[in-house]
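Student: I should like to examine this structure with you and to understand the grounds for each term applied to it. May I put my questions in turn?

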Amino acid sequence: MGLIVQSVGFGLVTASVLAVAAVGLTLQFGVTNYINFAYGTYLLLGAYFTWTLSTKAHLNFVVAALLACLLMGVVAVVIARVVMQHFVSRQAPLFYLLIVTFGLSLILSNVIEAIWGPAFQTYNLAVGNPLILGPFSLTPNQIIIMGIAVAAMLGIHLMLTRTVLGKAMRAMSDNKDLAQVSGINTDQITTVTWFVTGCLAGLAGVALTVTTVSFGPASGSNFLFVIFAAVILGGIGKPYGAMLGAVILGIITEVSAVLVSAAYKDDIAFVALIVVLLLRPQGLIASRGRA
Amino acid sequence: MDLILPYLATLVVFFFVYNILTWGLNIQFGYAGVLDFTFITFVACGAYFAGVFALGPGSQQNGFEWILGLNLPFPVALVAGALAAGVLGILIGLIAINRLRSDYMAIVTLATGTVLYGLVSNFTPLFDGFDGLAGLSPPFAQALGLNSNQFTYLWVVVCGVVMVICWFIAQRILNSPLGRTMRAIREDQDAAETFGKDTVRVRLTAMAMGALLAGAGGALLMGFIGAFSPAGWTSGETFVVWAALIVGGRGNNWGAIVGSFVVAVLINEATRYIPPVSVDPTLVPTLRNMLIGASLILVLWVRPQGIIPETRRRFLQLPLRPGTPPIRGAERARG
């Protein structure tokens, strides 16, 4: 029993990472209306930027991670403006965009391998002694990650509800054409969305690789569809749904790692994804609209 | 000459196999619009099942374990591999093909492929995990007394025969009422449904037929190489087939041939013989993958219909003049 309670603690850590990633993916989907299959490599790219800045440029880890997140936001904007914008502005069929992002993921993961090599990397971070928090025993890094994730979610919540930018994003997510005729500069909002979600991807990538300790060029690929599962669980395009989906999936996968086997964690996430798709494809938080 | 000819024959084998694979994806995506992002899983399914039908039983003592091990002749194994892939196509299709957006289809196929990849790699009793199947002696070679070069030439013929059969299957579907229904669903699912087409069943058929061809191609690879492991079916391999289809031109099988030649033979296979750069042995493969990804995006950018575009079919010429006799094709259109 103690082991299961402890795994719930790890589940909350996984959920934190997952929530940051899933909110980024779903926010971008809501505004642009297509799924980005290269998102997993965005996470990984953020992790590699952090690694280079902290171990090669000898920056403080927090500074390096922050810079890497901003850099990832810029990369996401550049890719969106240079590649995706061409297809979006010509109103290309949806499958073009899906294939193009699928292709981008292949290109980016090979760019990563070409630059940083196939070997596994680790950050110069002290793991620290586990702290006992109630029933859970977590390392300081894990607690910091949870804190950062909560702060990020709070920030996203405030942005979506209190700022003009966030309201414009929600309006575009509801109905792009209506948003445009209401005077919202949809082009600009799309660019800002790519920047914000790129930063979130970078942040999630750093958090993920801090929890897994070592990472290689293939690390993002399996996590990508756990993110998808969280996004679909919460209802695609819905940030709060994604947060809920992340918490549920994070706990389910970590508890199942104790009950079944850690090797089949992804399969459990997959089963959850399939059950949701078959029973409740609109996601847990249902509303009128897409799907 | 002794070196060049077998090398060319090897390329021809890959060219023929990739033709079959690209037609398979063409049936799924080019005809019916099913976004199958895990096509290579069906190829792997065909290869694995052909392998365990043709190989002898694996023995746990030697560290080789796999299911079945029936020691059957290769043609039986080929059919078994193709059928197994077809069944897998229906199973994955049942999850992926529903009345939702095409994003879901792409996500579900990709996720299923990833899970199956993890399962096959980790669960050794199935297909020997990461080590994979190995030790299949070249089919027919012993009976005919062939050396390894002669076997390669034989395999060109075998692949050619299977390819011709697959060509007839793919063309037959394309020009049949079923193929027309598939294209109608691809263009507008709601409209096709309004006309009483069972869009889920038709797309499941496309999924199964495409997977069948994929399985046949996989079985041919298994027979040629004699081994198959998870390293041979990473998601990047799916992309090679996708790039071949998009670059060559989807919706018609000639375009698929051109695409499989350009992408699968010129870019993917021929560059394997470039000597690795000594300072960075992974540089050539990573550049090759980048090139494949870039070629696909570039084609969608400048010529989205591909090198050989699908011909626009005219079914009824409008406006119809009064008193025009009913067009004979109209009778056949009821798929």
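Tutor: Please do. The model is a predicted one. A suitable starting point is a pair of helices in chain B: the axes of helix 1 (residues 4-31) of chain B and helix 10 (residues 199-225) of chain B come within 7 Å and cross at roughly 165°.

Student: What makes helix 1 of chain B roughly antiparallel to helix 10 of chain B?

Tutor: The crossing angle is roughly 165°. Angles over 145 degrees count as roughly antiparallel, and therefore helix 1 of chain B is described as roughly antiparallel to helix 10 of chain B. The crossing is left-handed.

Student: Which residues of helix 1 of chain B and helix 10 of chain B make the contact?

Tutor: From helix 1 of chain B they include V13(B), V17(B), I20(B), L21(B) and W23(B). From helix 10 of chain B they include A206(B), M207(B), M209(B), G210(B) and F224(B). By class, the residues of this contact divide into 18 nonpolar, 4 polar and no charged.

Student: What makes helix 10 of chain A oblique to helix 11 of chain A?

Tutor: The axes of helix 10 (residues 239-259) of chain A and helix 11 (residues 265-279) of chain A come within 9 Å and cross at roughly 135°. Angles over 145 degrees count as roughly antiparallel and those of 65 to 115 as roughly perpendicular, with oblique for the rest. The angle of roughly 135° falls in neither range, and therefore helix 10 of chain A is called oblique to helix 11 of chain A. This crossing is right-handed.

Student: Which residues make the contact between helix 10 of chain A and helix 11 of chain A?

Tutor: Helix 10 of chain A contributes L249(A), I252(A), T253(A), S256(A) and A257(A), while helix 11 of chain A contributes K265(A), I268(A), A269(A) and A272(A). These residues divide into 6 nonpolar, 2 polar and 1 charged.

Student: Why is helix 2 of chain B said to be largely enclosed by the rest of the structure?

Tutor: A residue is buried if 20 or more other C-beta atoms lie within 10 Å of its own. In helix 2 of chain B, 16 of the 16 residues are buried, so this helix is largely enclosed. In chain B as a whole, 48% of the 335 residues count as buried.

Student: How do you know that the length of helix 2 of chain B agrees with what is expected?

Tutor: Helix 2 (residues 39-54) of chain B has 16 residues, which should span 22 Å at 1.5 Å a residue. Its end C-alpha atoms are 23 Å apart, and this agrees.

Student: What can be said of helix 2 of chain A on the two counts of span and burial?

Tutor: Helix 2 (residues 39-56) of chain A has 18 residues and reaches 25 Å from its first C-alpha to its last, close to the expected 26 Å. Of its 18 residues, 15 are buried, so helix 2 of chain A is also largely enclosed by the rest of the structure. H58(A), with a positive phi near 55°, follows helix 2 of chain A.

Student: Why does Q91(A) count as exposed?

Tutor: Q91(A) has 7 C-beta neighbours inside 10 Å. A residue is exposed with 12 or fewer, and so Q91(A) counts as exposed. Q91(A) is placed in the loop between helix 3 (61-89) and helix 4 (94-116) of chain A, and its phi is near 50°, a positive value in a residue other than glycine.

Student: Why does N33(A) count as partly exposed?

Tutor: N33(A) has 17 C-beta neighbours inside 10 Å. That number lies between the limit of 12 for exposed and that of 20 for buried, and therefore N33(A) counts as partly exposed. N33(A) is found in the loop between helix 1 (2-32) and helix 2 of chain A, with a positive phi near 70°.

Student: Where does D174(A) lie, and why is D174(A) called partly exposed?

Tutor: D174(A) lies in helix 6 (residues 164-174) of chain A. With 15 C-beta neighbours inside 10 Å, D174(A) counts as partly exposed. D174(A) and V31(A) are 143 residues apart in sequence and 8.4 Å apart in space, C-alpha to C-alpha.

Student: How many residues of chain B are in contact with chain A?

Tutor: There are 35 residues of chain B in contact with 31 residues of chain A. Helix 4 of chain B gives the largest share of the chain B side, 13 residues.

Technical notes
Residues are numbered from 1 along each chain as its sequence is written. Chains are lettered from A and ligands numbered from 1 in the order in which they are written. This is a predicted model: local features need pLDDT of at least 70, side-chain atom pairs count only at pLDDT 80 or more; totals for chains, interfaces and linings use all residues. Two residues are in contact if their C-beta atoms, placed from the backbone, lie within 7 Å. Helices (H or I, at least four residues) and strands (E, at least two) are DSSP runs, numbered from the N terminus. Axes are lines fitted to C-alpha atoms, for helices over the stretch in contact, and angles run from 0 to 180 degrees between N-to-C directions. Angles under 35 degrees count as roughly parallel, over 145 as roughly antiparallel, 65 to 115 as roughly perpendicular and the rest as oblique. A crossing is left-handed if the near helix is turned anticlockwise from the far one by less than a right angle, and right-handed if clockwise. Ala, Val, Leu, Ile, Met, Phe, Trp, Tyr, Cys and Pro count as nonpolar, Asp, Glu, Lys and Arg as charged, and the others, Gly among them, as polar. The expected span of a helix is 1.5 Å times one less than its number of residues.
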